[in-house]
Protein chains: 2
Amino acid sequence: MTDCIFCKIIKGEIPAKFVYQDELMVGFYDISPKAPVHVLVMPKKHLESLRSVNDGEKDLMGEVILTVHNVAKKLGIDKGGYKVVINNGEGAGQLVFHLHLHLLGGWNKSPGWQV
Amino acid sequence: MTDCIFCKIIKGEIPAKFVYQDELMVGFYDISPKAPVHVLVMPKKHLESLRSVNDGEKDLMGEVILTVHNVAKKLGIDKGGYKVVINNGEGAGQLVFHLHLHLLGGWNKSPGWQV
């Protein structure tokens, strides 16, 4: 997608602070962090949101879940606990329409908000 | 797990308002909803959190992501937008230690909170 800001970050056309990269996935810091550690993990493949995922993406979805945990481990926030948030659609607060998982953690005691 | 409240719900030993059930997955309403629609979707298999998932569960993780979207569609909250939240560990607000995905939606305008 030529107009997608995350696709541009993935292609290196816009800078970001990467924490993870492999053939299928990337992870980089959110520029407006909502937690002491706030990273976005996503497939390189442009999918708008979970609403545009079908059975053919099952493998990729399994991979992104495993990746988000691996990134949490790499950043040392797995033991203290972490949240994963996926916003799907404008009405749910999605701002960039390239499917991404928010990985949040690193709190001193607790997140201070609960779902 | 004999002491797990979600395992007991899955086995029918404790009542819950189910919205989805298949061989591998269940979905039922959260008893303390944080959104107009708040459902918990999870594998029947007892896994504590994403922290206890390994490569062998990749397929199951792909399946749970597809399931959460199918449940959103079934409940008619996909078009308006929905959030998926996974709390991993006590420090992230996890209350029941059986991996589950919070599916939240059905807001009139917006969730009123943002991550």
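What percentage of the 115 residues of chain A count as buried? The answer is 53%. Keep in mind as you explore that this is a predicted model. Chain A holds 2 helices and 5 strands, and chain A can be laid on chain B by a turn of 180 degrees. The points below start with the overall build of chain A, then visit the strands, the rings and the way the two chains are related.

**The overall build of chain A**

- Walking along the sequence of chain A, you meet its helices and strands in the pattern α-β-β-β-α-β-β.
- The radius of gyration of chain A is 14 Å, close to the 13 Å that the globule rule gives for 115 residues, so chain A is as compact as a globular protein of that length.
- If you follow the C-alpha trace of chain A along its principal axes, it spans about 40 × 30 × 25 Å.
- Among the contacts in chain A with a separation of 6 or more, 53% are between residues 24 or more positions apart.

**Strand S5 of chain A and its neighbours**

- Strand S5 of chain A covers residues 101-105, and 5 of its 5 residues are buried, so you will find this strand mostly covered.
- In a regular strand the side chains alternate between the two faces of the sheet.
- In S5(A), A:Leu101, A:Leu103 and A:Gly105 point one way, while A:His102 and A:Leu104 point the other way; all are buried.
- Strand S3 of chain A (residues 37-43) is joined to S5(A) by 5 bridges, and the two run antiparallel.
- To see where these strands meet, look for A:Val41, whose bridge partner in S5(A) is A:Leu101.
- Strand S4 of chain A (residues 82-88) also runs antiparallel to S5(A), joined to it by 4 bridges.
- Here a helpful landmark is A:Val84, which stands opposite A:Leu103 in S5(A).

**Strand S3 of chain B and its neighbours**

- Over in chain B, strand S3 (residues 37-43) has 7 of its 7 residues buried, so it is largely enclosed by the rest of the structure.
- One side of S3(B) carries B:Val37, B:Val39, B:Val41 and B:Pro43, the other side carries B:His38, B:Leu40 and B:Met42, and all of these are buried.
- S2(B) is joined to S3(B) by 5 bridges, with the two strands antiparallel.
- Across this pairing, B:Phe28 stands opposite B:Leu40 in S3(B).
- S3(B) also pairs with strand S5 of chain B (residues 101-105), in the antiparallel sense and over 5 bridges.
- In that pairing, B:Val41 has B:Leu101 in S5(B) as its bridge partner.

**Aromatic rings and a charge over a ring**

- Over all chains, a search of the whole structure finds 4 aromatic pairs.
- One of them is A:Phe6 with A:Phe28, an edge-to-face pair at 5.5 Å centre to centre, with 75 degrees between the planes.
- Because A:Phe6 lies in helix H1 (residues 5-10) of chain A and A:Phe28 lies in strand S2 (residues 25-29) of chain A, this pair ties together parts that are 22 residues apart in sequence.
- Are these two rings buried or exposed? A:Phe6, at 6% relative accessibility, counts as buried, and A:Phe28, at 2%, counts as buried too.
- In chain B, B:Phe6 and B:Phe28 form an edge-to-face pair, at 5.5 Å centre to centre and 75 degrees between the planes.
- B:Phe6 is in helix H1 (residues 5-10) of chain B and B:Phe28 is in strand S2 (residues 25-29) of chain B, so the pair ties together parts that are 22 residues apart in sequence.
- Both B:Phe6 and B:Phe28 are buried.
- Back in chain A, ring pairs link A:Phe6, A:Phe18 and A:Phe28 into a cluster.
- A:Lys17 lies over the face of A:Tyr29, at 4.7 Å from the ring centre.
- Likewise, B:Lys17 lies over the face of B:Tyr29, at 4.7 Å from the ring centre.

**How the two chains are related**

- Two copies of a chain are related by a rotation about an axis and a shift along it.
- Here, a turn of 180 degrees and a shift of 0.0 Å along the axis lay chain A on chain B with an RMSD of 0.0 Å.
- That is the relation of a two-fold axis.
- Which residue of chain A comes closest to the rotation axis? It is A:Gly62, at 1.9 Å (C-alpha).
- The same surface serves both copies, as 100% of the contact residues of chain A recur in chain B.

How values were computed
Residues numbered from 1 in each chain as written. Chains lettered and ligands numbered in written order. Predicted model: local features only at pLDDT ≥ 70, side-chain atom pairs only at ≥ 80, totals over all residues. Heavy atoms only, no water. Phe/Tyr/Trp six-rings, centres within 6.5 Å; stacked < 30°, edge-to-face > 60°. Buried < 20%, exposed > 50% of the residue type's maximum accessible area, 1.4 Å probe, protein only. Lys NZ or Arg CZ within 6 Å of the ring centre and 35° of its normal. Least-squares fit on C-alpha atoms with pLDDT ≥ 70 in both. Contact = heavy atoms within 4.5 Å. Pairing = 2+ DSSP bridges. Rg over C-alpha atoms; globule rule 2.2 N^0.38 Å.
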